[in-house]
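Biologist: Could you take me on a close look at one part of this model, please? I would love to start with a pair of neighbouring strands and then see what else you can tell me.

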Amino acid sequence: MLLTNSTQIITRKSIQVLQIDNALGFAEIALFGGHILSFTPKHDGRERLWVSENAIYDGKKAIRGGVPICWPWFGDHKSDEFGAHGYVRDQAWHIVQSQDSELGTLVTLQPATTQGPGFDGQTELTLTVLVGKTLTIQLNSKNIGETNTSINCALHTYFAVSDINQTHLSGLQGKYLDKTRDFDSFDTPSNYQFNEETDRVHLFKASEVTIHDQQTETSVLSEGHDSIVVWNPWQEKSISMADMADDSYLTMLCVETAVTQGQILSPGQVHTLQQIIR
Ligand code: TA6
């Protein structure tokens, strides 16, 4: 079924939002973009995600915050002709099915189409979201064509933090590519703090990254990825972005479960990118 006893659809400005409210957790998913906007486990009542106070809900531009779905490319398109992060975050999605269980509420969604300028693959794309004590997000890409195709993708999750200046990460190691320094390679700092614009593609396939806020810890568990992307725009970029407040950078941090190095899909093959938020 499309809706269960734990789900309802509300309208927020120009978009429809699926609300999931069960004994274990509360979440919201915008049908525009298949875009998770909120996740609050009932056991501690703490919202895990961040959405900009200046987010635009016009059903045209990707909502700033939550979990944008980047697919079938991540970052800038190789030809520079097309927008960053692919085109499915800017289009209508629909509910395929929802079901309640003792683990929570499982919702399956798909975009209106996986075809678009800049990608010639024949694929099926499915997002499944399990709202329980934790939030399990799976992005499943299936090659339904007769030849190999290649994708990049990311669960571009914006996490809420109380103060970026008092926040640090653990769980990352090895080299990262620094977008703010021409994608040069650097070593991951052992004491991972933030004091400037941070835009890093970590090539270490960390299975668990922990966000240490002043009083809380949020675990980000990843599978099916080849990278973890860490982003904070800092003050200058925050000021320049219409859908961010000038001080937005202080209370958000992106830790993204991503494929950035190319995932080949042979005919019939399914790739699953998974992020669990605890
Ligand atoms: O994931 C980090 C990043 O690629 C940054 O370079 C920044 O562009 C961010 O994504 C947000 O991109 P967007 O297209 O949503 O403004």
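Modeller: Happily! Let us begin with Leu130, whose bridge partner in strand 9 is Thr136. This is a predicted model, so please read each value below as computed from predicted coordinates. The strands around that bridge are strand 8, residues 123–131, and strand 9, residues 135–143, and they run antiparallel with nine bridges between them. In a regular strand, side chains alternate between the two faces of the sheet.

Stepping back, strands 8 and 9 belong to an open sheet of nine strands, ordered 6-7-8-9-21-18-17-12-15, with antiparallel pairing. Its edges are strand 6 (93–101) and strand 15 (192–193), each of which pairs on one side only.

Now for the ligand, which should appeal to a chemist. Its surroundings are Arg64, Phe74, His85, Arg89, His156, Lys179, Asp199, Val229, Trp231 and Glu256. Three of these residues are worth a look at the level of atoms. The side chain of Arg64 has an N or O atom 2.9 Å from a ligand oxygen. For His156, an N or O atom of the side chain is likewise 2.9 Å from an oxygen atom of the ligand. Glu256 places a polar side-chain atom 2.8 Å from a ligand oxygen. Taken on its own, the ligand has 390 Å² of accessible area, and the protein covers 82% of that.

Lys179, one of the residues around the ligand, directs us to Asp178, which sits in strand 13 (residues 175–178). Asp178 counts as buried because its relative accessible area is 1%, under the 20% cut-off. Its side chain makes a polar contact of 2.5 Å with the side chain of Thr180.

Finally, let us visit the start of the chain. Leu2 lies in the segment before strand 1 (7–12). With a relative accessibility of 47%, Leu2 is classed as partly exposed, because the class covers values between 20% and 50%. Together with Leu3 and Ile9, Leu2 makes a nonpolar surface patch of about 240 Å². Strand 1 pairs with strand 2 (residues 15–21) in the antiparallel sense, through six bridges. Within this pairing, Ile10 has Val17 of strand 2 as its bridge partner. The hairpin of strand 1 and strand 2 has two residues between the strands, and Lys13 there adopts a positive phi near 50°.

How values were computed
Residues numbered from 1 in each chain as written. Predicted model: local features only at pLDDT ≥ 70, side-chain atom pairs only at ≥ 80, totals over all residues. Heavy atoms only, no water. Patch = residues over 30% accessible without salt bridge, like charges linked within 9 Å, V, L, I, M, F, W, Y side chains within 5 Å. Areas by Shrake-Rupley, 256 points an atom, 1.4 Å probe, with all protein chains shown as cover. Salt bridge = Lys/Arg side-chain N within 4 Å of Asp/Glu carboxyl O. Helix = DSSP H or I, 4+ residues; strand = E, 2+ residues; numbered from the N terminus. Buried < 20%, exposed > 50% of the residue type's maximum accessible area, 1.4 Å probe, protein only. Pairing = 2+ DSSP bridges. Near = heavy atom within 4 Å. Polar contact = N/O pair within 3.5 Å; in protein donor to acceptor, adjacent residues only side chain to side chain.
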